Amino acid sequence: MTETLSLLEELIRRESVTPNDAGCQDLLAERLGKLGFNDERLNFADTQNLWLRRGSEPPLFVFLGHTDVVPTGPLAAWDSPPFEPTLRDGKLYGRGAADMKGGIAAFVTAVERFIAQYPQHKGSIAVMMTSDEEGAATHGVVKVVEVLEGRNEKIDWCLVGEPSSDKAVGDVIRVGRRGSLCAKLTVFGIQGHVAYPELAENPIHTFAPALKDLTEEVWDHGNRFFPPTRLQVSNINAGTGAENIIPGQAEVQFNLRFCTELDEATIKARTQAILDKYGFKYDLQWRLSGNPFLTARGELIDATHAAIETVCGFQTQDDTGGGTSDGRFVAPTGAQVIELGPLNASIHKVNEHIGLDDLETLSRIYQQILVNLLA
């Protein structure tokens, strides 16, 4: 059994369903502490955050990850217990195997091998961990970055170990992400009997034309880095459950994944203009999950491309697809940020897994990136 696989199995055994860490960060701190990493805990509310740093000189390279995992779903649907790491057909099964304890195990062992080879490497290496990436993400990396910025501790390069790969490890890296803006709309009407609609006002009916406009709006056409902005309705709720009552209000939740052609203020203004066109009463609450970011071609992307070609023998593809990640909190500081991790085919699913060969390949890629930048 390899060091990377052994560490991943230890991590999977810890039932760290968000926002619980279940001792994962203690394990990492103990392991990297032996290599001279200073252990700092930056916990906020129910979230545990870990900042491990070796060295004090720039440039600063950071591996960023999260120890929390999503819930398992129905246990009976799993072929093996989700928190008992199970080897089967060349794969390791368990919740978090790909998202993202596999990435964590790979970069920890990559760091160990790199430091053994280059104990006097230039610059500094750090590991940042949080236990709330899969949750609201309000007390995790966003808070740690505030602390680092407050003491002028600048990150030069940040590699997020999120599962970015598609068909083979390293075939895709994320060099940016779309922004995410969430909305909760309450449309007010007048409750009444369905037999007397003239005495009531159905909020579903009054909102329906605006819903059509919102979903058909061409927000932008995207650009060479990002697809067009999209609005998706995620939830509509109205009524008492009775079939003979016109509801007094309707609640609608929707989300926009937006590219660098738009900003938060413009989206809000255009949405309000569409709603106001129809004259109904409403309340609209917004939550910005993160702004879009894009890392320009530079040392980090170049080093990553070269590492993947060295280890895997092919050219990787730069991409900005997928959801959000904690990289969105680091990018505004001016750091170069990319995401590179395992295959994403099984993440958040029953029987989540990672290939054993993929795990070792990923660790070698991470090590080679460190060599390219800090040796």
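**Notebook: the annotated sites and the core**

I started with His-66, which I found in strand β3, residues 60-66. A reminder to myself: this is a predicted model.

Is His-66 buried or exposed? Its relative accessibility comes out at 1%, so I put it down as buried, the cut-off being under 20%. I then pulled its contacts, skipping neighbours within four places in sequence: Asp-99, Met-100, Ile-104, Met-129, Thr-130, Glu-133, Glu-134 and Glu-162. I also looked at where the side chain of His-66 points, and it reaches the backbone oxygen of Asp-68 at 2.9 Å.

**First UniProt set**

I checked the record next. The unreviewed UniProt entry lists His-66, Asp-99 and Glu-162 under "binding site". I wanted to know why these three count as one spot when they span 97 residues in sequence. No two of their C-alpha atoms are more than 8.8 Å apart, so they do gather at one place. His-66, Asp-99 and Glu-162 also turn up in the lining of the largest pocket.

Glu-162 sits in the loop between β7 (157-160) and β8 (172-174). I have Glu-162 as buried because its relative accessibility is 7%. Again leaving out neighbours within four places in sequence, I see Glu-162 in contact with His-66 and Asp-99, and its list also includes Met-100, Glu-133 and Ser-325. A run from further along the chain is there too, namely Glu-339, Leu-340, Gly-341 and Pro-342.

**Second UniProt set**

The same feature name, "binding site", is placed by the unreviewed UniProt entry at Asp-99, Glu-134 and His-348. These span 250 residues in sequence, yet no two of their C-alpha atoms are more than 10.1 Å apart, so I count this set as gathered at one spot. I found Asp-99, Glu-134 and His-348 in the lining of the largest pocket.

Asp-99 is named in the first set and in the second, and I gave it a closer look. I located Asp-99 in the loop between β5 (91-93) and α3 (101-117). Its relative accessibility is 6%, so Asp-99 is buried. Beyond four places in sequence, Asp-99 is in contact with His-66 and Glu-162, and with Glu-134 and His-348. Val-69, Pro-163, Ile-347 and Glu-352 are also on the list for Asp-99.

Then His-348, in the loop between β18 (336-339) and β19 (353-355). I got 44% relative accessibility, so His-348 goes down as partly exposed. Which residues is His-348 in contact with, neighbours within four places left aside? I noted Val-70, Arg-95, Asp-99 and Glu-134. The side chains of His-348 and Asp-99 are joined by a polar contact of 3.0 Å.

**Core**

I moved on to the nonpolar residues. Nonpolar side chains tend to be buried together in soluble globular proteins. The largest nonpolar core here has 52 residues, and the ones touching the most other members are Phe-61, Phe-63, Phe-107, Leu-340 and Tyr-366. I picked Phe-61 and listed its contacts past four places in sequence; among them are Ile-125, Trp-157, Leu-159, Leu-300 and Ile-369. I also logged a second, separate core of 21 residues, including Leu-42, Leu-60, Met-128 and Val-337.

**One last serine**

I ended on Ser-289, which is found in strand β15, residues 281-290. With a relative accessible area of 13%, Ser-289 is buried. Not counting residues up to four places away in sequence, I have Ser-289 touching Ser-180, Thr-324, Arg-328 and Phe-329.

Conventions: Residues numbered from 1 in each chain as written. Predicted model: local features only at pLDDT ≥ 70, side-chain atom pairs only at ≥ 80, totals over all residues. Heavy atoms only, no water. UniProt positions renumbered as here; feature names shortened; annotations may be inferred. 1 Å grid on protein atoms, 1.4 Å probe; cavity = no way out; pocket = protein on both sides within 12 Å on 5 of 7 lines; lining within 4 Å. Helix = DSSP H or I, 4+ residues; strand = E, 2+ residues; numbered from the N terminus. Buried < 20%, exposed > 50% of the residue type's maximum accessible area, 1.4 Å probe, protein only. Contact = heavy atoms within 4.5 Å. Polar contact = N/O pair within 3.5 Å; in protein donor to acceptor, adjacent residues only side chain to side chain. Core = buried A, V, L, I, M, F, W, Y, C linked by side-chain atoms within 4.5 Å.
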